[in-house]
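Work through the exercises below with the sequence and the structure open. Each task is followed by a solution in steps.

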Amino acid sequence: MPTYIDMKSALARVGGNEILYKKLLGKFENSIDTKSLEEAVQAQDWLKAGEIVHAAKGIAGNLSLTAFYEQCVILMDQLRGGNAPNMADYAKFKQLLQETRAEINKVV
Amino acid sequence: MVAKKKLLVVDDQEINRELLVALTSDEFEVFEAENGLVAQEIIDTYRFELALVLLDLHMPVMDGLELLKWMNETKLIDSIPVIMITSEEETSFLLEAFALGASDVMNKTFNAVIVAQRVKNVINLYSYKAHLEEKVEAQRNALNTQEEHIKQMNNSLIDTLSSTVEFRNLESGKHIKRTRMLIKIILQAVKDEYGLSDEQIDTISSASALHDVGKIAIPDAVLLKPGKLTADEFEIMKSHTVKGAEVIQGLDMFKDNDYYQYSLDIAKHHHERWDGRGYPDQLKGDEIPIWAQAASIVDVYDALTSKRVYKDAFTHEKAIAMITNGECGEFNPKLMDVLKRVAPQLKIMSAIIRDEDI
């Protein structure tokens, strides 16, 4: 099973403040604009898609959502400069996002 | 309780902002902005109260670089440090951010310890820099004050030295003061033609105080003689120009200074005349430095309008007429025009100084 939430690294990052971390995790659900991302992908607006994935990557990194973060990195590498991504990686991105959200719901 | 320092977090992602706020709010009063435009308003409101800005690069509406540019234009970047928040793929923007005055960079994946330490370091660095600049400024001011003080001391020493000569001559020290003032009036009127700056004129005016310093070497029997001088006595009297130049040449410490050249020229040549019939070198026309020409006119004017052991004071009008119609030797015709023009000024200034208490 991939590491969806690296609790240890996350707590180290926020100075051991578990309450804060869980509060931030609770906000993850709404922090990534998946609707706009899907629209951008449909319209092949790769710059726009890149912006959203870039933001997602920043948040995932800060919350230590390791598996999803790593997929963000892969997808971002492909999208850079407005290039089309590998659609399989986009699908995996969506899948990991969904799984991560489910994991978060168990914790929060 | 000491008020917390203010810190501004600029990031379009709410979670990132909230995390940074949580990591810094123990020590700071933290403000948040979701883009550069909102940040601009906050910075404009709190200005130098802000201790630091944490700034994301990519944001909608107005991004980090745009905000940095604005902080440059307004010079706010000199007083408010900025730490950029970036991810590794944004290194190309970083060069620009640094060029625009960003102090440091922090990875987007924050770490509590690093955030706290970086923020502290940059704030300390900036206050240290500001402190240093203040110190340098204070030292510069102290030096200027000192320089001004030394200048004043030099002037007053030179005036005192010159005045002792005047006192021996049974005149008040006011001749020096009037010479300084009147020479300024004349040179101001020809400054463009002779390419003189205000600063030069000030220096010449100070240097003119030494014009008669050579009289210190003239024996009382000649200097204080009430009647007409014999030919021999007059030769001795004339030597005060060359003696004065010798005294000034002894002032080695002034040699690199404009002051030195002006005082030397004036002491030596303030009795030369335009037609070459003056002394000691019979210089002609503009061979005589313009400051010495001005000094000679002022010296004659002041001698005429002052009472001496051998004569009464002439009126201002009489003195001007005597100088301009050639009774006191020939002067630069341009300076004669100037003299007529500034005569009313001379009359007023000279009277004011004469009436002052010693």
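**Exercise 1. Cysteines**

Decide whether A:Cys72 is buried or exposed, do the same for B:Cys328, and state how many disulfides the structure holds.

Solution.
- Step 1. This is a predicted model, and the relative accessible area of A:Cys72 in it is 0%.
- Step 2. The cut-off for buried is under 20%. A:Cys72 is therefore buried.
- Step 3. B:Cys328 has a relative accessibility of 17%, so this residue counts as buried too.
- Step 4. A disulfide is a covalent bond between the sulfur atoms of two cysteines. The search of the whole structure, over all chains, finds zero of them.

**Exercise 2. Chain A as a whole**

Describe the secondary structure of chain A, then its burial, contacts and surface.

Solution.
- Step 1. Count the elements: chain A contains six helices and zero strands.
- Step 2. Read along the sequence, the order is α-α-α-α-α-α.
- Step 3. Chain A has 108 residues, and 47% of them count as buried.
- Step 4. Take the contacts in chain A with a separation of 6 or more; 66% of these come from residues 24 or more positions apart.
- Step 5. The accessible surface of chain A is about 5400 Å². Carbon and sulfur atoms contribute 52% of that surface.

**Exercise 3. Confidence**

Give the scores of the model and the average pLDDT of chain B.

Solution.
- Step 1. For the model, ipTM is 0.81 and pTM is 0.56.
- Step 2. The average pLDDT of chain B is 87, and 96% of its residues score at least 70.

**Exercise 4. Strand β1 of chain B**

Which strands pair with β1(B), and why is β1(B) described as largely enclosed?

Solution.
- Step 1. Locate β1 of chain B at residues 5–10. Five of these six residues are buried, so the strand is largely enclosed by the rest of the structure.
- Step 2. One partner is β2(B), residues 28–33, which pairs with β1(B) in the parallel sense over six bridges.
- Step 3. Check the register against β2(B): B:Lys5 stands opposite B:Phe28, and B:Val10 has B:Ala33 as its bridge partner.
- Step 4. Another partner is β3(B), residues 50–56, also parallel to β1(B), over five bridges. Here B:Lys6 has B:Leu50 as its bridge partner.
- Step 5. Follow the chain from β1(B) through helix α1(B), residues 14–24, to β2(B): the three elements make a right-handed β-α-β unit.

**Exercise 5. Backbone exceptions in chain B**

Where does chain B have a cis peptide bond, and what are the phi values of B:Arg47 and B:Lys75?

Solution.
- Step 1. Start from the usual case: most residues other than glycine have a negative phi, and most peptide bonds are trans.
- Step 2. The bond joining B:Tyr279 and B:Pro280 is cis, with omega about 5°. B:Pro280 sits in the loop between α11 (258–269) and α12 (290–305) of chain B.
- Step 3. B:Arg47 has a positive phi, near 45°. Its place is the loop between α2 (36–46) and β3 of chain B.
- Step 4. With 33% relative accessibility, B:Arg47 is classed as partly exposed.
- Step 5. For B:Lys75, phi is positive at about 65°. B:Lys75 belongs to the loop between α3 (64–73) and β4 (82–86) of chain B.
- Step 6. Exposed means over 50%. B:Lys75 has a relative accessible area of 55% and is therefore exposed.

Technical notes
Residues are numbered from 1 along each chain as its sequence is written. Chains are lettered from A and ligands numbered from 1 in the order in which they are written. This is a predicted model: local features need pLDDT of at least 70, side-chain atom pairs count only at pLDDT 80 or more; totals for chains, interfaces and linings use all residues. Side-chain values use heavy atoms; hydrogens and water are left out. Helices (H or I, at least four residues) and strands (E, at least two) are DSSP runs, numbered from the N terminus. Buried means under 20% relative accessible area, exposed over 50%, partly exposed in between (1.4 Å probe, protein chains only). Contact means heavy atoms within 4.5 Å. Accessible areas come from the Shrake-Rupley method with a 1.4 Å probe; for residues, only the protein chains shown count as cover. A disulfide is a pair of cysteine sulfur atoms within 2.5 Å. pLDDT is the predictor's confidence in each residue, from 0 to 100. Two strands pair if DSSP finds at least two bridges between them. A crossover is right-handed if, with the strands pointing away from the viewer, the path from the first strand over the helix to the second runs clockwise.
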